[in-house]
Amino acid sequence: LDFELPRIESMTVGDDDQIVLIDHLGTCSVVDTTGAVSAQFSTMPGTTDVEELSLVRGTPLAHEGTLYLPVTSLGKVLVFDLATGQELPSIGYQGTTAGQLGFPVAVDVLPSGVVVVLDNSRFAVVCYSPSGRFLGEFGGKGFRDGWMYFPTLLSAAQDDQVVVGQILDQRVQVFQVPEFVFERLSQEPESGSEDV
């Protein structure tokens, strides 16, 4: 790399092999395949250095030119354009009921466009449309098959499956995304159209 590395907190690799680094102050550096920084921006616009240091971030995802960054202490997923650093509408709201995020730790995007967010404190995978509309969720607290206990890892395996890992009980499970999530996604208004 042709720049001084700050104290890196997390990283992800984008679809075009760009390395996306996020430092302890929330600065995102996008590094291309030659090692040059192609973009650099704050993932915490409007916050002070002290506020940035107190924020807890989950595992980021670079997907199709977009950065998805779960901010566990804010209970939402921040979304940015990787090329420009422009902040896009966030996904989710902090809370403890269905559709809300208590402590989001990981995010992924299914091939269908469904954004899946792993909520560590609600023991659930919460599903949103690309525009951020809540589509449904699944999971629950427990140690039996189909249940989770403080899960921390998430990966979209196929269009209709996600893999969830948890350190406690050293467990990895493959979940079938419920059909109602895709049914609700098909009811998503076209981009640019108005909800009536």
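**View 1. A nonpolar patch on the surface of the predicted model.** In this predicted model, Ile8, Met11 and Val13 together make a nonpolar surface patch of about 250 Å². Met11, one of these residues, has its place in strand 1, which covers residues 8-13. The relative accessible area of Met11 is 48%, and because exposed requires a value over 50%, this residue counts as partly exposed.

**View 2. The hairpin of strand 3 and strand 4.** Strand 3, made of residues 27-31, pairs in the antiparallel sense with strand 4, made of residues 37-42, and the pairing runs over five bridges. Within this pairing, Ser29 has Gln40 of strand 4 as its bridge partner. Five residues lie between the strands of the hairpin, where Gly35 takes a positive phi near 95°.

**View 3. Phe80 and Phe41.** Phe80 belongs to strand 7, which spans residues 76-81. Its relative accessibility is 0%, and since the cut-off for buried is under 20%, Phe80 counts as buried. Although Phe80 and Phe41 are 39 residues apart in sequence, their C-alpha atoms are 9.5 Å apart in space.

**View 4. The second largest pocket and its lining.** Rolling a probe the size of a water molecule over the atoms reveals where empty space remains. The second largest pocket has a volume of about 160 Å³, and its lining includes Thr66, Tyr68, Val79, Pro130, Ser131 and Gly132, as well as Leu88, Pro89, Ser90 and Ile91. Two or more lining residues come from each of strand 6 (66-71) and strand 8 (87-91), and strand 8 gives the most, with four residues.

Methods. Residues numbered from 1 in each chain as written. Predicted model: local features only at pLDDT ≥ 70, side-chain atom pairs only at ≥ 80, totals over all residues. Heavy atoms only, no water. Pairing = 2+ DSSP bridges. Buried < 20%, exposed > 50% of the residue type's maximum accessible area, 1.4 Å probe, protein only. Patch = residues over 30% accessible without salt bridge, like charges linked within 9 Å, V, L, I, M, F, W, Y side chains within 5 Å. Areas by Shrake-Rupley, 256 points an atom, 1.4 Å probe, with all protein chains shown as cover. Salt bridge = Lys/Arg side-chain N within 4 Å of Asp/Glu carboxyl O. 1 Å grid on protein atoms, 1.4 Å probe; cavity = no way out; pocket = protein on both sides within 12 Å on 5 of 7 lines; lining within 4 Å. Points joined across faces, edges and corners; volume = space filled by probe spheres on them.
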